[in-house]
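Visitor: Could you take me through one part of this structure up close? I'd like to hear about the helix pair, and then a little about the sheet.

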Amino acid sequence: MRILIASDIHGSSLFCGILLDAFRREEADKLLLLGDILYHGPRNDLPEGYAPREVTAQLNAFASSILGVRGNCDAEIDQMVLHFPMMADYCLLYAGGRAIFATHGHLYNMSSPPPLHPGDILLHGHTHVPCWDSFGDGNLCLNPGSVSLPKENTPHGYILLTEKEIIWKDLSGTEYHRILL
């Protein structure tokens, strides 16, 4: 199973299109969206190509391949137009014998972690900054950064998850970090 993981599209049709190009290029089986899909939020400038209706159409074309969790900028009204579930606060994945707790990051993060077993992975977006930090009892905190509004001079990026590794890439597909599971 190849899962492309991305966060914080914030209504950018431009970057959503580039992300979907990466999804096809990577030949991923699923696209996991870690929240903040349509709205840009009150603390962010409008992202380039801001067009939430277009993002809705772009993502709905891939609805059967998308897994989603709710971000702090997502609302119940968004679920009415998106054809894939995205209102859960988290989902659980498993790879390399490890549990992966996937969430947006505004509720669960390194400062407020969910209950994890030793070696489990906390995966979230929200900060718009990639991370791959150790914490707790052999746990990892991973963040793909932001698709449309990266911060701290980080790339527009995503994560590719396989059974054996996690790879960070920018939207052009250039790899910049890898972790073996």
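Guide: Here's a walk through the helix pair, followed by the sheet. Keep in mind that this is a predicted model, where local features need pLDDT of at least 70, side-chain atom pairs count only at pLDDT 80 or more, and totals for chains, interfaces and linings use all residues. Residues are numbered from 1 along each chain as its sequence is written, and side-chain values use heavy atoms, with hydrogens and water left out.

Helices (H or I, at least four residues) and strands (E, at least two) are DSSP runs, numbered from the N terminus. Helix H1 (residues 13-25) packs on helix H2 (residues 52-60) at about 15°, and their axes are 9 Å apart. Those axes are lines fitted to C-alpha atoms, for helices over the stretch in contact, with angles running from 0 to 180 degrees between N-to-C directions. So H1 is roughly parallel to H2, a label for angles under 35 degrees. The crossing of H1 and H2 is left-handed, meaning that the near helix is turned anticlockwise from the far one by less than a right angle. From H1, Ser13, Cys16, Gly17 and Leu20 make the contact, and from H2, Glu54, Val55, Gln58 and Leu59 do; contact means heavy atoms within 4.5 Å.

Now the sheet: 5 strands form an open, mixed one in the order E4-E5-E6-E8-E7, where two strands pair if DSSP finds at least two bridges between them. E4 (90-95) and E7 (131-135) stand at the edges with a single partner strand each, so one side of each lacks a neighbour in the sheet. E7 pairs with E8 (residues 139-143) in the antiparallel sense over 5 bridges, and Ser134 stands opposite Leu140 in E8.

Technical notes
Parallel < 35°, antiparallel > 145°, perpendicular 65-115°, else oblique.
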